[in-house]
Amino acid sequence: MKKFKLTTQINLIFTLVTVLIGLIFIFILEYSYQKERESININQLSRYFEEVFNGYKAGEFPSNNKKYHDKFNGHIIWERKSNGIIEFDLANIYPQNENNAENLVREIREKTPNLTLNHYFGKLRHEGREISYFVSTNSLKATDPIDFMVIAFTDNSYILSMENMSNTIVRIVFIILIIIGNLIILMWSRALADRITKLESQIKNLDDNNYSKEILITGNDEITDLARTVDNMRKTIKNNETTKQEMIHNVSHDFKTPIAVIKSYAEAISDGISDPNEAEVIIKQADALTLKVQQLLELNKLAYLESSDNFEEIKIKDVIINVVNNHKYQSNVKVFMDLDDSTLLGLKENFYVIFSNILENGFRYAKTKIVVTLKNKTISFYNDGEHIDQKYIDEGFKPYEKGDKGQFGLGMSIVQKTAEHFNLRLKVDNIDQGVIFILEPKQQKD
């Protein structure tokens, strides 16, 4: 099925809604006006009746002039002394003949319950028509003979003429509203579609301009909000691309040196220039490469961390003691611990990675001691080393961001990303005579 353009969809929806609302409005309007039109019809008949009655009293009947002719109203004047009808005008309601007039008089006399009233208003159905009429006689009581009857009557022709006129006006106004509304909607929808097309074009070209060109959509609506969101995504992608390129460059540089050392020592040993005991240098460089590869693998694994459905309550004290025991002989730095029995929700393996990276960082920079504290689910690692460059802290430990001593932040980036996965916040502060790393549940501060 061929897709409709957005402008076409909007115009179709607008037309459909307008037609439905218009039909409902017309129905309600017609229902409301029906009684009012009937009242207007009776009022105009009443005025016509007064004219005919006053004319009869003034002796203007019988008459051959058309002074009292009205296409919507008819009249009949009956006199007993004249033995019947002396004047009639059936308007456009019935054919103009005396039989029709006599039939109507006879039926009115039969349907009228009490002709002792001077004036009476009634309704009847005559020859398929709904007739409204006024009748006046000289009779004051039932025993008085009727000397004359003045009758004025009408059907629904006047109402229909009003309805036709109003319906014509309503139709014209309705059509004009649809045309004007569709023109306005068309212009608005085209402007809307142009903005969406422009946004689509800018998004398509993101990769071509290496995410460097800003996405600009003017306005103050949801499309503008979407454009801002996409532009924020563009900035994130651009920063990630930049970080990735820097990381590749730094990883290459970081691997290049130990590989060169390994190669040069291996060649020297092979050529008999170097003492075989210097193979220790090769082993150390290989260990360094192994550590870096492990860190890269750990960083990559963060994208595939298990769902929180598989998390379990981990006794943090046991993990910290295990990590400290595995690292305490790698330097002369003393480790002091003050640990309670707090537990955290997560995976033991990943907590081991977090604490190992923080401790390795501490052993690298500490002068004499590291203090590990666990209180009420908050873990702190203090070392008495030199302060960390504040810029490095503010930038959030970007992977392979070089620190002030030429070391790269891959380990701390692993710590931060893993902690976030377990709903933990990593804080790093330079304090007097050292640096402190704090891991704490986010909900404690939010």
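**Sheet, helices and salt bridges in the model**

Glutamate 130 is partly exposed, with a relative accessible area of 40% (buried is under 20%, exposed over 50% and partly exposed in between, with a 1.4 Å probe and protein chains only). The model is a predicted one, in which local features need pLDDT of at least 70 and side-chain atom pairs count only at pLDDT 80 or more, while totals for chains, interfaces and linings use all residues. Residues are numbered from 1 along each chain as its sequence is written, and side-chain values use heavy atoms, with hydrogens and water left out.

The side chain of glutamate 130 meets that of arginine 125 in a salt bridge, with N and O 3.3 Å apart (the term asks for a side-chain nitrogen of Lys or Arg within 4 Å of a carboxyl oxygen of Asp or Glu). Arginine 125 itself is out in the open: it counts as exposed, at a relative accessible area of 53%. The pair belongs to a set of 11 salt bridges in the structure.

Next comes the sheet. An open sheet is built from 5 strands, running in the order 2-1-5-4-3 with antiparallel pairing (helices, H or I of at least four residues, and strands, E of at least two, are DSSP runs numbered from the N terminus; strands pair if DSSP finds at least two bridges between them). The edges go to strand 2 (84-89) and strand 3 (119-126); each has a single partner strand, so one side of each has no neighbour in the sheet. From one strand to the next, the twist averages 20 degrees (axes are lines fitted to C-alpha atoms, for helices over the stretch in contact, and angles run from 0 to 180 degrees between N-to-C directions).

Strand 1 (residues 73-79) pairs with strand 2 in the antiparallel sense over 5 bridges. Across this pairing, histidine 75 sits opposite aspartate 89 of strand 2, and isoleucine 77 has glutamate 87 of strand 2 as its bridge partner. The two strands make a hairpin with 4 residues between them, and asparagine 83 in the turn shows a positive phi of about 60 degrees. Edge or not, strand 2 is largely enclosed by the rest of the structure, because 5 of its 6 residues are buried.

What packs on this sheet? Helix 2 (residues 98-111) does, touching strand 1, strand 2, strand 3, strand 4 (129-137) and strand 5 (148-154), and its direction makes about 115 degrees with that of strand 3 (contact means heavy atoms within 4.5 Å). The buried residues of helix 2 include Leu104, Val105 and Ile108, and the cover over its buried residues includes those five strands, from strand 1 to strand 5. At the N-terminal end, asparagine 97 caps helix 2, with a side-chain oxygen 3.2 Å from the backbone nitrogen of asparagine 99. The length of helix 2 works out too: at 1.5 Å a residue its 14 residues should span 20 Å, and the end C-alpha atoms are 20 Å apart, which agrees (the expected span is 1.5 Å times one less than the number of residues).

The same check goes well for helix 7 (residues 348-365), where 18 residues should span 26 Å and the end C-alpha atoms are indeed 26 Å apart. Among the buried residues of helix 7 are Phe351, Val353, Ile354, Phe355 and Phe363.

Back to charges, this time in helix 4 (residues 222-270), home of aspartate 231. Aspartate 231 counts as buried, at 5% relative accessibility, and arginine 234 is buried as well, at 6%. Their side chains meet in a salt bridge of 2.7 Å, N to O. The two are 3 residues apart in helix 4, so about one helical turn separates them. Leaving aside neighbours within four places in sequence, aspartate 231 is in contact with Glu214 and Ile215.

Another salt bridge links lysine 375 and aspartate 338, whose closest N and O atoms are 3.4 Å apart. Lysine 375 lies in strand 9 (residues 369-375) and aspartate 338 in strand 7 (residues 334-339), so the pair ties together parts that are 37 residues apart in sequence. Lysine 375 is partly exposed at 40%, and aspartate 338 is partly exposed at 39%. Elsewhere, salt bridges with shared partners join Asp231, Arg234 and Lys235 into one network.

Technical notes. A polar contact is a pair of N or O atoms within 3.5 Å; within protein, one must be able to donate a hydrogen and the other to accept it, and residues adjacent in sequence count only if both atoms are side-chain atoms.
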